[in-house]
Amino acid sequence: MLNISLRAEDVFHIGSLPVTNAVLLAFIVLVVLTVVSITLRNKIKMVPGMLQNIVEAMIEGALGLMDSVLGNRKTSEKYLPLVFTIFLFVLFSNWFGLVPGVGSIMIGHGADAVPLLRSPASDLNFTLALALIAVTMVNAFGVAAMGIKERLSVFFNFGSPIKFFVGILELISEFARIISFTFRLFGNVFAGEVLLAIMALLVPYLVPLPFMFLEIFVGFIQAFIFGMLTLVFVSLAVTPHEGEEAGH
Amino acid sequence: MLSDVSVRLIATAFVMGVGALGPAIAIGWIGSKSVEAIGRNPEASSKVQTMAILAIAFAEAVAIYALVIALIIKFVA
């Protein structure tokens, strides 16, 4: 039978700290993205080359999409780093996890052989960390935009019993968002890995191909959804809520 | 009566089967309502689209929770 492990396996240790195969591939994605970004930035030209053109088009598209949610270009540019970085990191993590060799090249001997590389988002720690970062930053942006009193009054509102109850619900829903971010990305990527492994086991020729296309598509959609949801939560946190006392 | 492995297999299949019903209906409903809304008011198309994608992601997440439980039952303990 296949060795399908819910837990990412350790490949080596730095001192006493274990490094898993998912961490290894996430680090490789990090290095690739950083090197490409820095190279592009140093070689910015007024008349763009091909790569610069593509990246500019992508950023224009992302800013346009953020405009439709946030309202104006200035706010979009303010929150673009968080949202677009999350999108790019998850996207390239998912796509790098589909490259041949990930999951099949093993390290170790005999019964202890484990895959050297593994899709980062198939490790619950990766998705949990991203979810925590996203929700923490949403709250940080909320505090930065509206002040800490305003932000706390969303959760702890002693105006009336109903508002108090709604505040408690808001607090619970913050935690529910962390959980749903985590499990949505983890479930999609891990299930995709299991699906590809089983398909390759059953019919190694031709049949895994549509499933690879499905995984490419799912990788993109999940990255997009993670980014979009972060964007929507940021926009909810920084826009002042119901009409104030000068009601209308 | 039934062996441990059999019960585990049945449980996995049951969790996934039942867990996919609700989200499937929900996503179909969301899709139909958004298409209707766009048909009525083509100018609001991008707002409706954004909202629809968001709502579908939330609905799908519930199916994914069921999938994760099914995987845990099958492969871990």
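Start with chain A and colour it by secondary structure: from the N terminus on, the order is β-β-α-α-α-β-β-α-α-α-α. That comes to seven helices and four strands. Keep in mind that you are looking at a predicted model.

Zoom out for a moment. The C-alpha trace of chain A spans about 70 × 55 × 40 Å along its principal axes. Of its 248 residues, 26% count as buried. If you draw up a contact map for chain A, residues 24 or more positions apart account for 63% of the contacts with a separation of 6 or more.

**Stop 1: the hairpin**

Select residues 10-14 and 17-20 of chain A. These are strands β1 and β2, which run antiparallel and are joined by four bridges. Show the pairs one by one: A:H13 has A:P18 as its bridge partner in β2(A), and A:I14 has A:L17. Two residues sit between the strands of this hairpin, and A:G15 in the turn has a positive phi of about 65°.

**Stop 2: helix α2 of chain A**

Now select residues 50-70 of chain A. Helix α2 has 21 residues and reaches 30 Å from its first C-alpha to its last, close to the 30 Å expected at 1.5 Å a residue. Which of its residues are buried? Highlight A:M66, A:V69 and A:L70. Look down the axis of α2(A) and the buried residues fall within an arc of 75°, so they line one face of the helix. The general rule behind this kind of pattern is that an α-helix has 3.6 residues a turn, so residues three or four places apart point the same way.

Turn α2(A) round to the face pointing away from its buried side. Here you'll find exposed residues, among them A:M50, A:N53, A:I54 and A:A57. Further members of this exposed set are A:E60, A:G61, A:G64 and A:S68.

What do the buried residues of α2(A) pack against? Add α3 (73-96) and α7 (208-238) of chain A to the view, together with α2 (45-75) of chain B. Before leaving, click on A:G71 just after α2(A), which takes a positive phi of about 115°.

**Stop 3: the core**

Next, the largest nonpolar core, with 47 residues. Put spheres on the ones with the most contacts inside it: A:I86, A:F87, A:V90, A:A134, A:L185 and A:F226. The elements giving two or more residues to this core are α1 (21-42), α2, α3, α4 (124-146), α6 (161-202) and α7 of chain A, along with α2 of chain B.

Centre on A:L185. Leaving out residues up to four places away in sequence, A:L185 touches A:V90, A:A121, A:T127, A:Q222 and A:F226.

**Stop 4: where chain A meets chain B**

Colour by chain and show both. Here 16 residues of chain A are in contact with 14 residues of chain B. On the chain A side, α2, α6 and α7 each supply at least two residues. The largest share, eight residues, comes from α6(A). By type, the chain A residues on this side divide into eleven nonpolar, four polar and one charged.

**Stop 5: three single residues**

First, pick A:L206 in the loop between α6 and α7 of chain A. Phi of A:L206 is near 65°, a positive value in a residue other than glycine. Is A:L206 buried or exposed? A:L206 counts as exposed, because there are 7 C-beta neighbours inside 10 Å and the cut-off for exposed is 12 or fewer.

Move to A:T136 in helix α4 of chain A. A:T136 is exposed too, with 11 other C-beta atoms within 10 Å. Try the distance tool between A:T136 and A:F175: they are 39 residues apart along the chain, and their C-alpha atoms are separated by 11 Å.

Finish in chain B with B:K33, which sits in helix α1 (residues 4-40). B:K33 has 13 C-beta neighbours inside 10 Å, so B:K33 counts as partly exposed. One last distance to draw runs from B:K33 to B:V48: these are 15 residues apart along the chain, with 9.7 Å between their C-alpha atoms.

Notes:
Residues are numbered from 1 along each chain as its sequence is written. Chains are lettered from A and ligands numbered from 1 in the order in which they are written. This is a predicted model: local features need pLDDT of at least 70, side-chain atom pairs count only at pLDDT 80 or more; totals for chains, interfaces and linings use all residues. A residue is buried if 20 or more other C-beta atoms lie within 10 Å of its own, exposed if 12 or fewer, and partly exposed in between; C-beta atoms are placed from the backbone. Two residues are in contact if their C-beta atoms, placed from the backbone, lie within 7 Å. The expected span of a helix is 1.5 Å times one less than its number of residues. The arc is that of the directions from the helix axis to the C-beta atoms. A nonpolar core is a set of buried Ala, Val, Leu, Ile, Met, Phe, Trp, Tyr and Cys residues joined through C-beta atoms within 7 Å. Ala, Val, Leu, Ile, Met, Phe, Trp, Tyr, Cys and Pro count as nonpolar, Asp, Glu, Lys and Arg as charged, and the others, Gly among them, as polar. Two strands pair if DSSP finds at least two bridges between them.
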